[in-house]
Amino acid sequence: MAALQRTMPAPEIKRAESPLLQANEAGDFSGYASLFGVVDSGGDMVMAGAFARSLVKRGAQGVKMLWQHQAAEPIGMWSSIVEDARGLKVEGRLDLSVARAREALSLMRKGAIDGLSIGFRTRRATTEKSSGVRRLHEIDLWEISIVTFPMLPQARIGAVKQSRSGAARLEALGAKLSRLRAQRAALEFSNALRRLSGSF
């Protein structure tokens with residue numbers, strides 16, 4: 001039995017487990033910012049249609065393209081954000097007059113970064129009591145960031161060479177660090193939204 005959640009949502013971020021397509025020299029690129037029906041490492045599953053109302057409300061131009069979820073570092077514009085059978089497909093162009101965008105393009109073309117992550121508020125979700133999986137049925141999308149890969153996969157590989165207790169401690173520390181980074185980014189995103197709201 002799923003429990004319906006309708007509380008006032010807090011800002012969240014979520015990284016897609018799908019790489020960007022290679023960017024061209026002009027800074028054009030595409031990829032998936034979210035995948036439908038896939039349980040992520042945080043125990044969430046984004047459902048098909050979750051972005052529909054938000055996209056009607058804002059459109060691609062109303063969703064910010066940021067660097068690493070930093071509200072003070074917009075690096076381009078989204079030209080297309082659509083839901084398809086796989087997930088949230090995006091197309092955009094980096095603004096190469098911005099230094100950070102030029103750095104991002106260089107890293108993308110070298111394969112050093114290839115991740116996308118969404119900044120959003122959950123509007124409607126259900127949680128399965130048996131599995132604990134949270135199904136996100138409606139998402140208010142604010143921004144999509146270009147991000148680096150997290151270091152946790154490397155930490156797990158390294159833990160294989162440790163004792164069982166050492167491996168467990170290393171994995172627990174890695175998970176805690178990942179949660180702290182996500183919480184910090186969400187807090188910075190929330191503060192930026194409050195400052196933006198106060199300016200109107």
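Trainee: How many residues apart are Asp140 and Arg58, whose side chains meet in a salt bridge?

Mentor: This is a predicted model, in which local features need pLDDT of at least 70, side-chain atom pairs count only at pLDDT 80 or more, and totals for chains, interfaces and linings use all residues. Residues are numbered from 1 along each chain as its sequence is written, and side-chain values use heavy atoms, with hydrogens and water left out. The side chains of Asp140 and Arg58 meet at 2.4 Å, N to O, in a salt bridge (a side-chain nitrogen of Lys or Arg within 4 Å of a carboxyl oxygen of Asp or Glu). Asp140 belongs to strand β9 and Arg58 to helix α1 (DSSP runs numbered from the N terminus: H or I, at least four residues, for helices; E, at least two, for strands), and the pair links parts of the chain separated by 82 residues.

Trainee: Are Asp140 and Arg58 buried or exposed?

Mentor: The terms rest on relative accessible area, found with a 1.4 Å probe and protein chains only: buried is under 20%, exposed over 50%, and partly exposed in between. By that scale both Asp140 and Arg58 are buried.

Trainee: Which backbone nitrogen lies 2.9 Å from a polar atom of the side chain of Ser54?

Mentor: Ser54 is in helix α1, residues 52-58, and is buried, with a relative accessible area of 5%. Its contacts (heavy atoms within 4.5 Å), leaving aside neighbours within four places in sequence, include Gly59, Ile139 and Asp140. The backbone nitrogen at 2.9 Å from its side chain is that of Leu141.

Trainee: How far away from Glu143 is the nearest side chain of opposite charge?

Mentor: Glu143 is placed in strand β9, residues 134-147. Its side chain makes polar contacts with those of His69 at 2.5 Å and Ser145 at 2.8 Å; such a contact is a pair of N or O atoms within 3.5 Å, where within protein one must be able to donate a hydrogen and the other to accept it, and residues adjacent in sequence count only if both atoms are side-chain atoms. For charge, Lys and Arg count as positive and Asp and Glu as negative, while His and the chain ends are not counted. Glu143 is buried without a salt bridge, and the nearest side chain of opposite charge, Lys64, lies at 11 Å.

Trainee: Which element gives the most to the largest nonpolar core?

Mentor: A nonpolar core is a set of buried Ala, Val, Leu, Ile, Met, Phe, Trp, Tyr and Cys residues joined through side-chain atoms within 4.5 Å. The largest one has 32 residues, of which Phe51, Trp78 and Ile144 touch the most other members. With five residues, the element that gives the most is β9.

Trainee: By how many residues are Arg100 and Glu103 separated in helix α2?

Mentor: Arg100 and Glu103 form a salt bridge whose closest N and O atoms are 3.1 Å apart. Arg100 is partly exposed at 30% relative accessible area, as is Glu103 at 41%. They are about one helical turn apart because their separation in helix α2 is three residues.

Trainee: What pLDDT does the chain average?

Mentor: pLDDT is the predictor's confidence in each residue, from 0 to 100. Where it is low, the predicted coordinates should not be read in detail. In this chain 66% of the residues score at least 70, and the average pLDDT is 78.
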